[in-house]
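Trainee: I should like to go through the salt bridges of this predicted model and the reasoning behind each assignment.

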Amino acid sequence: MKSILSKRKILITAGTGGVGKTTLSASMGIRAAIEGRKVCVITIDPAKRLATSLGIDALGNEPTDLTHKLREALTAQGIQLPETASFSALMPDTRTTFESFLKSLTQNPATAETLFKNPLFQIFAREFSGANEYMAMQKLQFIHESGNYDCIILDTPPSRSTLEFLDAPKLLSQLFEANYIQWLIVPANKLASSAMRKVLGLLEKLMGAGFMGYMMEFVTVLFEVRAGFMDHLRRMIQLMESEEVGVVLVTGAHCDFSEELAHFRAHLEKHGLKLDGMVVNRTIGAYRDEGPQSPPPHESEFVSAVELLRNLKAREERGLRNLKKTVAGDSIDPQLMPELARDVHDFKDLVHIARRLDQCFG
Amino acid sequence: MSNSSQTRPSVKKLLSVPIIFVSGKGGVGKTAVSQAIARAKSKSGKKTLWVGFEDPTRPPGELRRVNKNLFELNCTAEEAFEEYMGIKLKVPGLGHLFSKNPLIRFLAKAGPGIHELVLLGKLWHERRNYDCIVADMPSTGFGLAMFHSIGNWSGIFRGGPLYQDSKGMLATFGNPEECGQLIVALPEEMPLRESLELEAFLLQLFPENPPGFLVNRLFPDVKKHAMARNVDVNPDQWPTPMAESIQDFALRRCLLEEHNLKTWREAQITIESLPWQRVYPESELKEFEQVVIGLEKQIAERGWL
């Protein structure tokens, strides 16, 4: 972990929902702070887990400085936080970020207002599953460019598949693609085939009164901001492809993670991102077994519970063996982190976990 | 927004209706639980469709027959949209017009509200073809977006077949005799809290159809052993969030779950649960299949079907 952190300025934790990414991201940030870095942890986290685990009510759209709290927690465990270090966290609001992003792209404030009032846009901004991921990366860019931090950890939004955060910008950029747009904003365009005109006519019938009007308005405005958007996207891709950025894949213990890793890796390579490490989180295997005689056999329910855990541990081991076969001869050595015995409530708890990272990664 | 135990349906009641939505946070086991329910239903003689959404490992729109009574659908927006347009507009030969049409693909993938709406629309249309549909909903936020879309649509666009259908869907999904909302959670703080939030959202959309709850992966009860070893029953008092060993973990885990389930007890939810499933490496079945079969057995044992 220490070497991964020292190699990169920006680390992105990727993985599906429910694997403990947020706690891990915060712990990684703390680990970096202990090394004297100026850390910022960004989370897009609808369940506000990070705020809870940091022991505060809420995280805002801008970084909250928590250095003093971290210093206290470290001192209590006999660790000195270096003078150069700092620790901040934020939870960008996708909606706000997206709106200010769009505003910044249009020269004309009236254009932005039109868009915000458009009901399709409102649905889009709220529900589009790529928006969260894209805005997380947008915010990452803003924070990076601010120059206030030398270690930024982006905890990606919980997603169904690990690939979503990579695909999001592309999906969003498809919205801006001229191909689709020209058919919508210029339906009478001679270039549009009769087939396309038919499709448009049918869509009108299907969607109901007003839809096509709103759709055209939505698309027209997006068309205007295209250039600015594509420019942003290019800069973001440049950042992602640079040596400053690395990705840590986090998976859970009870899933077929070798396939997931293989897909994810291929996808990462395609996008020019670097995989720095992999954590198999929430494992039983990270704990030692007191031995075959523990617990004593007359405590049958307890024995059965321990047997269950051993069964889970064996499953993890099999998964890891498969994993090693899939990514054989590799620099990526998956590390096991333990399933926690209780939830994380404050910095002290995160410090315990951060120290455990060292044990795992070396 | 709270709800009393009198109005919340039991798991048995939820599993008795023709459409069952299995919802919950990511990682709680919705896929395994929903598949176990679908299998059990099909064995009881019901023609059953299990629906998953946007599975990248299967062909888009694929409908697979698993056995005599059990079918599986990989519901994807592009395919659903094309089919939907064909059905609603009754235009012959529509297929080729829309097939791979970039505008359709764009709308299906990113058309605000449309993407989610057609996914549910496809499921809703299939209800005529099956005795029972079990849907493995996308994790909390995304699953909810699907239901919101129906509400959005009928609020914004008047007239047109999509509007008609969205009203129809609201009616079906809002009717407790036609549709059951099963919220699955793990006995962990976050999933339990999120499940209550999900309940509140679903009640806003479907006030006549309160969801029911199921705890998955409940750890064996070894409380008395933990207490015999003087482990503090309050997990907040434990000095570190980690255990010492798997034996120590075994003792603490059930205390933690007991503590966490207080959230539900305070909300007056009757705790119905499914335990961890054992997996045997000697078996020729894949791990996931073993889990599903184990869950199916337990559903039957509890008399839920």
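Mentor: Arg282(A), Glu339(A), Glu188(B), Arg253(B) and Glu257(B) are linked in a network of salt bridges.

Trainee: Why is the contact between Arg253(B) and Glu188(B) called a salt bridge?

Mentor: The closest N and O atoms of Arg253(B) and Glu188(B) are 3.1 Å apart. The cut-off is 4 Å between a side-chain nitrogen of Lys or Arg and a carboxyl oxygen of Asp or Glu, so the pair qualifies. Arg253(B) belongs to helix H11 (residues 246-260) of chain B, and Glu188(B) to the loop between strand S6 (179-185) and helix H9 (189-205) of chain B, 65 residues apart. Both residues, Arg253(B) and Glu188(B), are buried.

Trainee: What makes the salt bridge of Arg318(A) with Glu287(B) one that joins two chains?

Mentor: Arg318(A) lies in helix H14 (residues 300-326) of chain A, whereas Glu287(B) lies in helix H13 (residues 287-301) of chain B, so the pair joins two chains. Their closest N and O atoms are 3.1 Å apart.

Trainee: Is Arg318(A) buried or exposed, and why is Glu287(B) described as it is?

Mentor: Arg318(A) has a relative accessible area of 18%; buried means under 20%, so Arg318(A) is buried. Glu287(B), at 28%, falls between 20% and 50% and is therefore partly exposed.

Trainee: Why does the salt bridge between Asp276(A) and Arg8(A) tie together parts distant in sequence?

Mentor: The two side chains meet at 2.7 Å, N to O. Asp276(A) lies in strand S7 (residues 275-283) and Arg8(A) in the loop between helix H1 (2-7) and strand S1 (10-14), both of chain A, so the pair ties together parts 268 residues apart in sequence.

Definitions and conventions:
Residues numbered from 1 in each chain as written. Chains lettered and ligands numbered in written order. Predicted model: local features only at pLDDT ≥ 70, side-chain atom pairs only at ≥ 80, totals over all residues. Heavy atoms only, no water. Helix = DSSP H or I, 4+ residues; strand = E, 2+ residues; numbered from the N terminus. Buried < 20%, exposed > 50% of the residue type's maximum accessible area, 1.4 Å probe, protein only.
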